[in-house]
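Trainee: Could you take one part of this model and walk me through it closely? I'd like to hear about the aromatic rings and what surrounds them.

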Amino acid sequence: MLFRSRLIFQETVKSPDIGQFYYTIGPQVAYENLAKIFEAHQAETDFDPARLTHYFVAMILHWIMTQRDCGVRKPLTKSEVKALAHEVTDDFLKAFFK
């Protein structure tokens, strides 16, 4: 997956339509689905669902993807992904929801 993303990002420099298409069928769909979940729980937080979506994705992915992009981390195992997802989700709920 990492190689595919890098290829898309490199090609986007020459052909912006590729990046726009990728964003529309990938990240945008994920953001919209997360926002729907956060909208369903709007009464439990003071934060806007769109903002929560961006915070959550950043908490889950940024640190790990930066390490992967820089070649200092190998892909996570399934158990590591599961543990990270649980840890970040727990912290996120504590931080942003009542």
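Mentor: Ring pairs join Phe-38, Phe-47, Tyr-55, Phe-56, Phe-92, Phe-96 and Phe-97 into a cluster. Keep in mind that this is a predicted model. Searching the whole structure turns up 11 aromatic pairs, and two of them are worth a closer look.

Start with Phe-38 and Phe-92. Their ring centres sit 5.5 Å apart with 35 degrees between the planes, so the pair is classed as tilted. Phe-38 belongs to helix α3 and Phe-92 to helix α5, so this pair ties together parts that are 54 residues apart in sequence. As for solvent, Phe-38 counts as buried because its relative accessibility is 6%, with the cut-off for buried being under 20%. Phe-92 is buried too, at a relative accessible area of 1%.

Now take Phe-47 and Phe-96. Here the centres are 4.9 Å apart and the planes make 80 degrees, an edge-to-face arrangement. This pair also links distant parts of the chain: Phe-47 is in the loop between α3 and α4, Phe-96 is in helix α5, and 49 residues separate them. Phe-47 has a relative accessible area of 30%, so it is partly exposed. Phe-96, on the other hand, is buried at 16%.

Next, the nonpolar core. The largest one has eight residues: Leu-34, Phe-38, Leu-52, Phe-56, Val-57, Phe-92, Phe-96 and Phe-97. Helices α3, α4 (49-69) and α5 (78-96) each put in at least two of these residues, and α4 gives the most, with three. If you want one residue to click on, try Phe-56: leaving out residues up to four places away in sequence, it touches Leu-34, Phe-38, Thr-89 and Phe-92. In soluble globular proteins, nonpolar side chains tend to be buried together.

Since α3 has come up, have a look at how it meets α2. The axes of α2 (residues 16-25) and α3 (residues 27-40) come within 3 Å and cross at roughly 30 degrees. That makes α2 roughly parallel to α3, because angles under 35 degrees fall in that class. On the α2 side of the contact you'll find Tyr-22, Tyr-23, Thr-24 and Ile-25, and they meet Pro-27, Gln-28, Val-29 and Tyr-31 in α3. Sorted by class, this contact holds six nonpolar residues, two polar ones and no charged ones.

Key. Residues are numbered from 1 along each chain as its sequence is written. This is a predicted model: local features need pLDDT of at least 70, side-chain atom pairs count only at pLDDT 80 or more; totals for chains, interfaces and linings use all residues. Side-chain values use heavy atoms; hydrogens and water are left out. Axes are lines fitted to C-alpha atoms, for helices over the stretch in contact, and angles run from 0 to 180 degrees between N-to-C directions. Helices (H or I, at least four residues) and strands (E, at least two) are DSSP runs, numbered from the N terminus. Angles under 35 degrees count as roughly parallel, over 145 as roughly antiparallel, 65 to 115 as roughly perpendicular and the rest as oblique. Contact means heavy atoms within 4.5 Å. Ala, Val, Leu, Ile, Met, Phe, Trp, Tyr, Cys and Pro count as nonpolar, Asp, Glu, Lys and Arg as charged, and the others, Gly among them, as polar. A nonpolar core is a set of buried Ala, Val, Leu, Ile, Met, Phe, Trp, Tyr and Cys residues joined through side-chain atoms within 4.5 Å. Buried means under 20% relative accessible area, exposed over 50%, partly exposed in between (1.4 Å probe, protein chains only). Rings of Phe, Tyr and Trp (its six-membered ring) pair if their centres lie within 6.5 Å; planes under 30 degrees apart count as stacked, over 60 as edge-to-face and the rest as tilted.
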